[in-house]
Amino acid sequence: MRSRSQYLREMGLTPWSVTAGTRVLASQHVEPGSSDVGSPGKASLSDWTSLQRQVSNCMKCSLHTTRKTTVFGKGDPKADWLLVGEAPGAEEDRQGLPFVGRAGQLLNRMLFSMDLSRNEVFVANVLKCRPPDNRDPFGEEVSMCESFLHQQIKFIQPKIILAMGRFAAQALLRVDQTIGQLRGRVHRYPAYNTPLVVTYHPAYLLRSPQAKGKTWEDLVLALAEFRQVTHSENI
Ligand code: SF4
């Protein structure tokens, strides 16, 4: 098995450790939010199964006419880490699974560099159906679909959220800032005050490998915040 450092080098990244400086950065920006999806309840497995069924039968927006299958998301439904992307691509649409193409392989390497695996996280998209020709999602499609993601977050109750790409960040934070404006600090998912870190989408990194260094900075920031959260819980 390749080492963590080898994976980082393969991604064009320079391994470095989580530092005290990163924690200072992580604590710079905390946004108290409003609650729009209700308090975290004692959701049951049947709630999760019901949500999966709702997604697979959904016809709320026109994307249901062009999809092959819905992509609910995959991983541990009680994971500490929730990773959120934009929408399924062609291969995801065929298989009904998130991040299965080249971007998915890069995501796996990103997780490996964080000592995580796909089984230890939950991976989902804002949109559960593929926009034709991989076009950007329309606002109305996001509006129609995002309640599914919010219900997933309510069920999973992750300790930290990694928003990958502009659409995921804007949908989760309800802002219209660019990814460059949103990176580099810890936000809060409004409904549950969950720490949220913004980074680039793996598909973007395939097109723009020079952004991998910044992505690693984001992952280090997220790891530092996660360790802070778990440390606080154990005091
Ligand atoms: S994208 Fe979302 S809202 Fe639109 S049909 Fe698919 S599941 Fe329903």
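Let's start at Gln157, which is partly exposed, with 16 other C-beta atoms within 10 Å. This is a predicted model, and in it Gln157 sits in the loop between helix 6 and strand 4 (160–164). The phi of Gln157 is positive, near 50°, although the residue is not a glycine. Most residues other than glycine have a negative phi, so a few such places are worth a look below. First, here is the wider picture: the protein has ten helices and six strands, and 40% of its 235 residues count as buried.

**Overall fold**

- Among contacts in the protein with a separation of 6 or more, 76% join residues 24 or more positions apart.
- The six strands make an open sheet in the order 1-3-2-4-6-5, and its pairing is mixed.
- Strand 1 (74–75) and strand 5 stand at the edges of this sheet; each has a single partner strand, so one side of each is left without a neighbour in the sheet.

**Strand pairings**

- Strand 2 (residues 81–85) runs parallel to strand 4, and four bridges link the two.
- Within that pairing, Val84 has Ala163 of strand 4 as its bridge partner.
- Strand 4 also pairs with strand 6, again in the parallel sense and with four bridges.
- Here Met164 is matched with Thr199 in strand 6.
- Strand 5 (residues 187–189) and strand 6 run antiparallel and are joined by three bridges.
- In this antiparallel pair, His187 stands opposite Leu196 of strand 6.
- Four residues lie between the strands in the hairpin of strand 5 and strand 6, where Asn193 takes a positive phi near 60°.

**Strand 6 in its surroundings**

- Is strand 6 (residues 194–199) mostly covered or mostly open? It is mostly covered, with six of its six residues buried.
- Thr194, Leu196 and Val198 point one way from strand 6, while Pro195, Val197 and Thr199 point the other way; all of them are buried.

**The nonpolar core**

- The largest nonpolar core holds 55 residues, and Val84, Ala163 and Leu172 have the most contacts inside it.
- Helix 10 (residues 212–234) gives the most to this core, contributing eight residues.
- Which residues does Val84 touch, leaving aside those up to four places away in sequence? They are Ala124, Asn125, Val126, Leu149, Ile161, Ala163, Met164, Ala168 and Leu172.
- Val84 therefore has two roles to keep in mind when you browse the model: it is among the residues with the most contacts inside the core, and it is the bridge partner of Ala163 in strand 4.

**Around the ligand**

- Fourteen residues surround the ligand; of these 14 residues, Cys58, Cys61, Lys128, Cys129 and Cys145 come nearest.
- Helix 6 (residues 139–156) supplies the largest share of this shell, three residues.
- By class, the shell is made of nine nonpolar, two polar and three charged residues.

**Helix 5**

- Helix 5 (residues 102–113) has twelve residues and spans 17 Å from its first C-alpha to its last, close to the 16 Å expected at 1.5 Å a residue.
- Its buried residues are Ala103, Gly104, Leu106, Leu107, Met110, Leu111, Phe112 and Ser113.
- Asp115, which follows helix 5, has a positive phi near 60°.

**Loop residues to inspect**

- Arg174 lies in the loop between helix 7 (166–173) and helix 8 (179–182).
- Although Arg174 is not a glycine, its phi is positive, about 55°.
- Is Arg174 buried or exposed? Arg174 is exposed, with 12 other C-beta atoms within 10 Å.
- Arg135 belongs to the loop between strand 3 (121–125) and helix 6.
- Arg135 counts as exposed because it has 9 C-beta neighbours inside 10 Å.
- The C-alpha atoms of Arg135 and Gly89 are separated by 9.7 Å, and the two residues are 46 residues apart along the chain.

Terms used:
Residues numbered from 1 in each chain as written. Predicted model: local features only at pLDDT ≥ 70, side-chain atom pairs only at ≥ 80, totals over all residues. Near = placed C-beta within 6 Å. Nonpolar A, V, L, I, M, F, W, Y, C, P; charged D, E, K, R; others polar. Buried ≥ 20, exposed ≤ 12 C-beta atoms within 10 Å, placed from the backbone. Contact = placed C-beta atoms within 7 Å. Expected span 1.5 Å × (residues − 1). Core = buried A, V, L, I, M, F, W, Y, C linked by C-beta atoms within 7 Å. Pairing = 2+ DSSP bridges.
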